[in-house]
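Subject: Structure handover

Hi,

Here is the structure I said I would pass on. Have a look at it first, and my notes follow underneath.

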Amino acid sequence: MKITVNGVPSTVDAGSDDAAVDVLRDGLGLTGAKAACRTGVCGACTVMVGGTPQASCLLPAAVLEEHEIVTAEGLDHPVQRAFAVHDGLQCGYCTPGFVVEAAAFVDAWRAEHGDVAPPRERIAAAMAGHLCRCGAYEGIHAAIAAACRGEHDDAPGTPARLEAMNKITGRARYTTDVRLDGQLEGVIIRSTRAHARVTSVTAGTAHVIDLLPPDRTVRYAGQPVAAVAAATRGEALAIAEAARIGYDPMPAALDDTPEAPPVYDESDRKRAPSSSEGLDLPGGWHGNVHGPFTRASWRGRTAVKRIEAARRDADPRLVSGTFTTAVQVHTPMEPHACVARWDGEGDLHLHLSTQTIGLATEQAARRWNLPADRVHVVADHVGGGFGAKAGVTVETVAAVELARACGAPVRVVFSRAEELTDAGNRPGTRTTLELLTDDRGDLAALTVDVHGRGGVAVGSAVAVFARLMYGTAPRRLRDYDVVTNEPPGAPFRGPGAPPLLWALEQAVDEAAHRRGEDPIALRRRWDGNRKRHALYDRALALPLWADRPRTGSQTGRFRRGVGVAAANWAYMLDPATEVELRVEGDVVVAATSTQDIGTGIRSVIAGVLREELALPAERVRVEIGRTGTVYGPPSIGSRTTTSVAPAVRDAARRLRELGLTDGARVVGRRRRDRRGYLTPIAMAGMALGRGFSGAVHVTEVEVDTRLGVVRPLRVWAGVAVGHIYAERLARSQCEGGVVQGIGYALYEERLVDPVTGTVLTANLDDYRIPGIGDTPEITVHFHRDGWDHVNGNGVGVGEISTIGVAASVGNAVHNATGWRPHDLPIRPDRLLEGISR
């Protein structure tokens with residue numbers, strides 16, 4: 001087949017029915033177009049076809065013969081420079097597709113309207129066919145508006161992050177882009193049963209790698225059973241589809257009724273995976289219910305006595321309710337992926353989409369009985385994770401074992417259906433909460449019972465977070481796991497906190513309404529955190545808050561509401577973090593084995609180094625994303641920047657003392673804080689520092705009472721994390737956190753067939769994540785005081801920026817309608833039923 005791509009004629013070996021995205025990627029090695037969903041929903045594979053943007057995953061290869069094709073690699077357009085300057089990206093996996101679409105839109109808009117910015121809603125409509133799981137939409141809006149104004153026609157500007165142009169032009173290489181000589185494609189064969197013992201697996205003459213646990217039992221539909229490899233993914237899929245699995249069926253628990261059949265017997269319970277970040281919450285088992293975990297309680301008996309007395313007396317100061325949240329799926333745009341290769345010396349080489357290079361290396365060495373220095377991990381660019389890509393997971397096991405069996409490199413990449421089924425999720429929850437105030441309006445007692453539903457996983461720690469909010473009033477806190485034959489939960493950006501705040505912050509809001517007190521003022525009075533006091537004061541002064549309507553006062557179809565929610569998050573760090581500096585000629589090279597999942601740690605390292613050593617950009621180089629250098633932290637739990645940046649500063653000061661001479665080398669360490677750490681935790685090198693970050697979100701929504709649609713309009717995000725190392729990148733993180741919180745509040749809901757246990761929302765049509773049109777105008781305010789005791793004077797923003805957003809949306813809906821939502825997501829059917837009562 002003869003095609004012309006980016007002005008270059010080429011001949012490729014492709015069938016006319018092959019997808020164009022595969023011809024571009026596999027035939028020409030052009031990886032800017034990403035096959036992220038293969039259903040034309042996400043836009044990551046967008047290319048220009050005869051001047052028109054099209055989704056190349058749905059485009060037959062035959063079309064490539066008929067038109068000239070332009071991919072992100074072939075563009076040279078002002079919109080690319082605008083994306084770099086305005087930070088219209090984070091992980092960058094979706095970015096080339098956005099850029100191709102945006103270039104066509106900018107050209108058409110300027111031809112018709114001249115150099116003026118389009119309305120915000122016009123940009124959103126043009127980009128409606130694209131999804132960014134990181135939520136970089138505010139930067140995308142700004143970039144497209146600036147390009148339409150002609151601001152980047154000549155002057156390139158300064159990119160907000162080091163790797164921006166590589167991501168924007170499609171040159172950045174992710175694990176899904178890796179292609180080694182002789183590489184085979186691996187596919188995982190998965191269970192179609194929710195609970196069964198596997199008696200046999202037959203897959204023709206192919207090498208079959210066993211992925212079953214020791215008891216040969218599958219406990220959810222979609223669980224890995226085996227893996228096979230072939231020369232192409234299509235051939236491997238055909239082998240997998242033809243494979244035959246023998247099952248000895250077992251009854252499945254697909255609901256939380258006491259009569260549900262057991263998921264684990266007593267000997268197997270210890271094998272249950274964890275849905276939290278390595279926490280093993282103790283508790284007994286009663287059938288499929290694990291718990292309660294009660295050790296976070298404080299004067300629990302007193303709390304229960306006070307609440308029972310208030311209930312008997314029908315005390316109006318007692319706020320009671322049951323709140324639920326749906327299962328939320330991580331679904332990063334780059335799916336889980338691994339390319340594994342064994343070399344002639346017996347070393348293991350892994351290209352891995354991971355948030356934890358160090359942990360993955362350690363676990364791989366232990367699993368395959370190798371010294372750690374014989375495991376080599378590369379993660380040059382990682383297309384998002386949000387907690388799901390930690391350590392050695394099944395795609396790595398399958399790739400490594402297939403590579404050993406086949407004697408060739410093997411790549412295993414999850415499909416979008418696999419990603420939405422078996423790559424992790426935030427467990428669903430049912431929270432029963434009772435909150436009592438006293439005569440002075442202070443918090444008198446609190447009880448929180450949470451039943452987390454993380455499928456076959458345990459450790460859904462939610463109620464424990466209620467110990468950290470609103471002083472020391474008596475409180476009984478109980479966490480339970482309800483185990484079912486459904487895919488396992490995994491840590492998800494602020495694990496446990498969003499469902500707790502969904503319940504607690506609405507109960508606090510209700511207490512304020514019953515007292516006739518300003519909801520922000522009441523929170524400020526209850527909350528002893530001085531950093532959040534500053535945020536409350538800012539929020540109280542916002543015109544957005546001052547001009548809010550009286551709750552339930554509006555009539556008519558469209559009603560505006562404003563809600564608030566507060567949040568906190570523990571200060572976490574990795575005290576073992578190191579950064580190596582070496583001088584090569586007149587260039588200072590910084591190296592550490594951390595990874596960048598879109599948070600911009602490359603740019604943070606470069607910024608600190610340039611500031612400390614007064615160097616221009618061209619004299620600094622950053623090397624991360626691989627083993628073979630000093631220890632770097634995982635990108636989990638808001639601890640990457642607060643661990644790495646002080647180590648860079650320490651290294652820079654050592655190098656300055658030594659002198660910037662060619663060949664000089666120093667190692668900087670993450671020194672202790674002035675008041676030390678609270679305690680180390682056995683979770684991937686984590687320690688807890690002193691203090692809590694804080695956030696206050698004020699959200700405005702419009703409620704359509706005819707269609708039941710909630711439209712977020714504006715969000716003010718006050719975030720108290722101290723020193724900010726890279727202003728624009730920190731804002732991007734917070735803006736993305738708001739977008740993910742809006743998704744949790746309004747759209748995201750994994751659904752499972754109640755009979756078969758099959759995940760029904762296994763594509764991005766059925767599992768909806770927020771698009772650019774769902775994005776409100778976001779204002780981020782950083783409070784930078786209160787962290788003087790911390791080495792570096794600042795802590796992470798990843799979790800605190802998102803965990804309270806859904807609750808602020810719920811409170812805004814209540815303000816608009818007078819009806820208080822109790823169930824997430826706030827679907828149209830739920831809203832219409834609620835306001836009609």
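**Cavities first**

The largest cavity holds about 550 Å³ of space. Bear in mind as you read that this is a predicted model. In total, the structure has 5 cavities of 30 Å³ or more.

If you want to find the big one on screen, start from Thr 599, Ser 638, Gln 733, Val 797 and Gly 798, which lie nearest the centre of the largest cavity among its 33 lining residues. Two helices, α18 (640–658) and α19 (727–746), each put at least two residues into that lining. Of the elements involved, α19 gives the most, with 3 residues. As for chemistry, the lining of the largest cavity splits into 15 nonpolar, 14 polar and 4 charged residues.

The second largest cavity comes in at about 60 Å³. Around the second largest cavity you will find Gln 328, Arg 426, Phe 492, Arg 493, Pro 498, Gln 740, Gly 741, Tyr 744, Thr 802, Ile 803 and Ala 806. Helix α19 turns up again here, with the largest share of this second lining at 3 residues. By class, the second lining has 5 nonpolar, 4 polar and 2 charged residues.

**Two helix pairs**

I also looked at how some of the helices pack. Two packed helices are described by the angle between their axes and the distance between the axes.

Take α13 (residues 497–515) and α20 to begin with: their axes come within 8 Å and cross at roughly 35 degrees. The crossing of α13 past α20 is right-handed. On the α13 side the contact uses Leu 501, Trp 502, Glu 505, Gln 506, Asp 509, Glu 510 and His 513, and on the α20 side Ala 806, Ala 807, Gly 810, Asn 811 and His 814. Sorted by class, that contact has 4 nonpolar, 5 polar and 3 charged residues. Note that Ala 806, part of this contact, is also in the lining of the second largest cavity.

The other pair is α3 (residues 78–85) with α4 (residues 95–113), whose axes come within 9 Å and cross at roughly 130 degrees. The two helices, α3 and α4, are therefore oblique to each other. Here too the crossing is right-handed, with α3 passing α4. Val 79, Gln 80 and Phe 83 of α3 meet Thr 95, Phe 98, Val 99, Ala 102, Ala 103 and Val 106 of α4. This contact has 7 nonpolar and 2 polar residues, and no charged ones.

**Backbone oddities**

A few backbone spots deserve a look before you set anything up. Most residues other than glycine have a negative phi, and most peptide bonds are trans.

- Gly 291 and Pro 292 are joined by a cis peptide bond, with omega about 5 degrees. Pro 292 sits in strand β13 (residues 289–293).
- Leu 824 and Pro 825 are also linked by a cis peptide bond, with omega about -5 degrees. Pro 825 is in the loop between α20 (805–817) and α21 (828–836).
- Asn 369 has a phi near 55 degrees, which is positive in a residue other than glycine. You will find Asn 369 in the loop between α10 (357–367) and β18 (375–378).

Cheers

Methods. Residues are numbered from 1 along each chain as its sequence is written. This is a predicted model: local features need pLDDT of at least 70, side-chain atom pairs count only at pLDDT 80 or more; totals for chains, interfaces and linings use all residues. Side-chain values use heavy atoms; hydrogens and water are left out. On a 1 Å grid over the protein atoms alone, a cavity is a set of points where a 1.4 Å probe fits but cannot get out, and a pocket is an open set with protein on both sides within 12 Å along at least five of seven lines; lining residues have an atom within 4 Å of a point. Grid points are joined across faces, edges and corners, and a volume is the space filled by probe spheres set on the points. Helices (H or I, at least four residues) and strands (E, at least two) are DSSP runs, numbered from the N terminus. Ala, Val, Leu, Ile, Met, Phe, Trp, Tyr, Cys and Pro count as nonpolar, Asp, Glu, Lys and Arg as charged, and the others, Gly among them, as polar. Axes are lines fitted to C-alpha atoms, for helices over the stretch in contact, and angles run from 0 to 180 degrees between N-to-C directions. Angles under 35 degrees count as roughly parallel, over 145 as roughly antiparallel, 65 to 115 as roughly perpendicular and the rest as oblique. A crossing is left-handed if the near helix is turned anticlockwise from the far one by less than a right angle, and right-handed if clockwise. Contact means heavy atoms within 4.5 Å.
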